[in-house]
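Colleague: I would like to go through this model and ask how each label was earned. Please set each value against its cut-off.

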Amino acid sequence: MKNYKLDTLCVQAGYTPKTGESRIPSIAQSTTFFYGDTQAMADCFDLKSADYFYSRLANPTVAAFEGKVAALEGGVAAIGCSSGMSATTLAVLTVAGAGDNVVCSQAVYGGTYNLFTVTLPKLGIACKLFDPDASAEEIEKLIDDKTKMVFVETVANPAICVIDFDKVATICKKHGVILAVDNTLATPALCRPKEFGANVILHSSSKYLDGHAAALGGVIVDLGNFNFKNNPRYAAFNEPDESYHGLVYADLPAAVFATKCRAQMIRDIGAIMSPQNAFLSYIGSDTLALRMEKHSSNAAKVAQYLKKHPKIEWVRHPSLADNKYHALAMKYMPNGQGGMMSFGIKGDVKTCAKFMESLKLITQETHVADVRSCVLHPASTTHRQLGKADLEKAGVPENLIRLSVGIENPDDIIADIEQALENI
Ligand SMILES: *Cc1c(COP(=O)(O)O)cnc(C)c1O
């Protein structure tokens, strides 16, 4: 499937039926798989055979979705997880243990921020945060012998800043550190971080990949372009794994990262994607390329409209020529800048609440990035414990409205915002 273009891969990759088999992946709703002979089963346990034996380790429906996402990102292997958060957790634990650290952009998803700054430190894995707008020198200073991963988001949720891949990838290459990229909001339809130096991709497939708000899920993609062999930073990849008969992961011909992740982390922790969710995510992602075009063009239209509105103080979307991240967006995602945006209403928390309640088509939700437009007012929901000054510090002023633009007709989306603004 390597030579096909992305929209072709969306509908064809990951599953090819044999004669008489179902055209789309069937749901292999089974914990376990039948074996007639002992040796064939033993080969599964020794990783000599890639056949299915237990759904915590691998499942045919999940494999179809994994194969598709790997193809979309240009990777060599992928692992379907129970959520985006578990994907990130398992990816970090594949490389880091007590005493190690991860260098992470401070503009990341709230759940990821908590994982890195609260939960992983309890396991002895430290986190060093950096401002994604900081200079290369400042970011480079954070890397030491114990740094196992640099973590960024292509388009940060909810800050909507675009990462400067050249800046961070140069540092990672120089120091032989893995660059892990959460590509949830850009998706491979708009940006393929592999082309800009990424080594591992993370997805919350609960968002655009599924696209229909139907199934929670996460994916880890091994891009197969990192050299673990004899890299002292990754000693554990170069030493025999006694829990796998002395296997040395760095000696594997391909998918070194994904194999270690599956053999150790998925085996020991689980958090695998369910066959049902893999099925929904597989068929949902058939239309990814089409949807991302529409999300992007709709958001760009809404951004233009809001920019001219007298009741709007500011608008943040990378498609806007005066946006701080416009140049980076044009460089890394020129064909569309996605459906996520935010804007500030002239007024206070009460004005914002009135606006939110006046919307008729666009609904209030914690979710983002599915076919239906939705809004969130962080100051009165996710960030309601913070005062005005702390809100400013967190980069979410009290008048900030987060809007995930869906694929409805843009005239209807704009008309709904228009009537709600008239009401305040
Ligand atoms: C939602 C989200 C996550 C977490 O994914 P879940 O599937 O909700 O666990 C991680 N990263 C980004 C950018 C997200 O938007």
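Colleague: How far does a polar side-chain atom of Asp 182 lie from a nitrogen atom of the ligand?

Modeller: This is a predicted model, and in it the distance from the polar side-chain atom of Asp 182 to the ligand nitrogen is 2.7 Å. A polar contact needs a pair of N or O atoms within 3.5 Å, so the pair qualifies.

Colleague: What makes Gly 84 and Ser 206 polar contacts of the ligand?

Modeller: From Gly 84, a polar backbone atom is 2.9 Å from an oxygen atom of the ligand. From Ser 206, an N or O atom of the side chain is 2.6 Å from a ligand oxygen. Both distances are within 3.5 Å, so both pairs count.

Colleague: How many residues surround the ligand, and which are the closest?

Modeller: There are 13 around the ligand, and the closest are Gly 84, Asp 182, Ser 204, Ser 206 and Lys 207.

Colleague: Why are helix 4 and helix 5 called oblique?

Modeller: Helix 4 covers residues 84–95 and helix 5 covers residues 110–122; they pack at an angle of about 45 degrees, with their axes 10 Å apart. Roughly parallel requires an angle under 35 degrees and roughly perpendicular requires 65 to 115. The angle of about 45 degrees fits neither, and therefore the two helices are oblique to each other. Helix 4 passes helix 5 in a right-handed crossing.

Colleague: Which residues make that contact, and how do they divide by class?

Modeller: Helix 4 gives Met 85, Thr 88, Thr 89, Val 92 and Leu 93, while helix 5 gives Gly 111, Thr 112, Leu 115, Phe 116 and Leu 120. The residues of the contact of helix 4 with helix 5 divide into 6 nonpolar, 4 polar and no charged.

Colleague: Why is the word for helix 4 and helix 10 "roughly perpendicular"?

Modeller: Helix 10 covers residues 256–269, and helix 4 packs with it at an angle of about 110 degrees, with their axes 9 Å apart. That angle falls in the range 65 to 115, and therefore the pair is roughly perpendicular. The crossing of helix 4 with helix 10 is right-handed.

Colleague: Which residues of helix 4 and helix 10 make the contact?

Modeller: From helix 4 come Leu 90, Ala 91, Leu 93, Thr 94 and Val 95, and from helix 10 come Phe 257, Lys 260, Cys 261, Met 265, Ile 266 and Ile 269. By class, there are 9 nonpolar, 1 polar and 1 charged residues.

Colleague: What is the form of the peptide bond from Asn 157 to Pro 158, and where is Pro 158?

Modeller: The bond is cis, with omega near 5 degrees. Pro 158 is in the loop between strand 4 (147–153) and helix 7 (165–175).

Technical notes. Residues are numbered from 1 along each chain as its sequence is written. This is a predicted model: local features need pLDDT of at least 70, side-chain atom pairs count only at pLDDT 80 or more; totals for chains, interfaces and linings use all residues. Side-chain values use heavy atoms; hydrogens and water are left out. Axes are lines fitted to C-alpha atoms, for helices over the stretch in contact, and angles run from 0 to 180 degrees between N-to-C directions. Helices (H or I, at least four residues) and strands (E, at least two) are DSSP runs, numbered from the N terminus. Angles under 35 degrees count as roughly parallel, over 145 as roughly antiparallel, 65 to 115 as roughly perpendicular and the rest as oblique. A crossing is left-handed if the near helix is turned anticlockwise from the far one by less than a right angle, and right-handed if clockwise. Contact means heavy atoms within 4.5 Å. Ala, Val, Leu, Ile, Met, Phe, Trp, Tyr, Cys and Pro count as nonpolar, Asp, Glu, Lys and Arg as charged, and the others, Gly among them, as polar. A residue is near a molecule or strand if one of its heavy atoms lies within 4 Å of it. A polar contact is a pair of N or O atoms within 3.5 Å; within protein, one must be able to donate a hydrogen and the other to accept it, and residues adjacent in sequence count only if both atoms are side-chain atoms.
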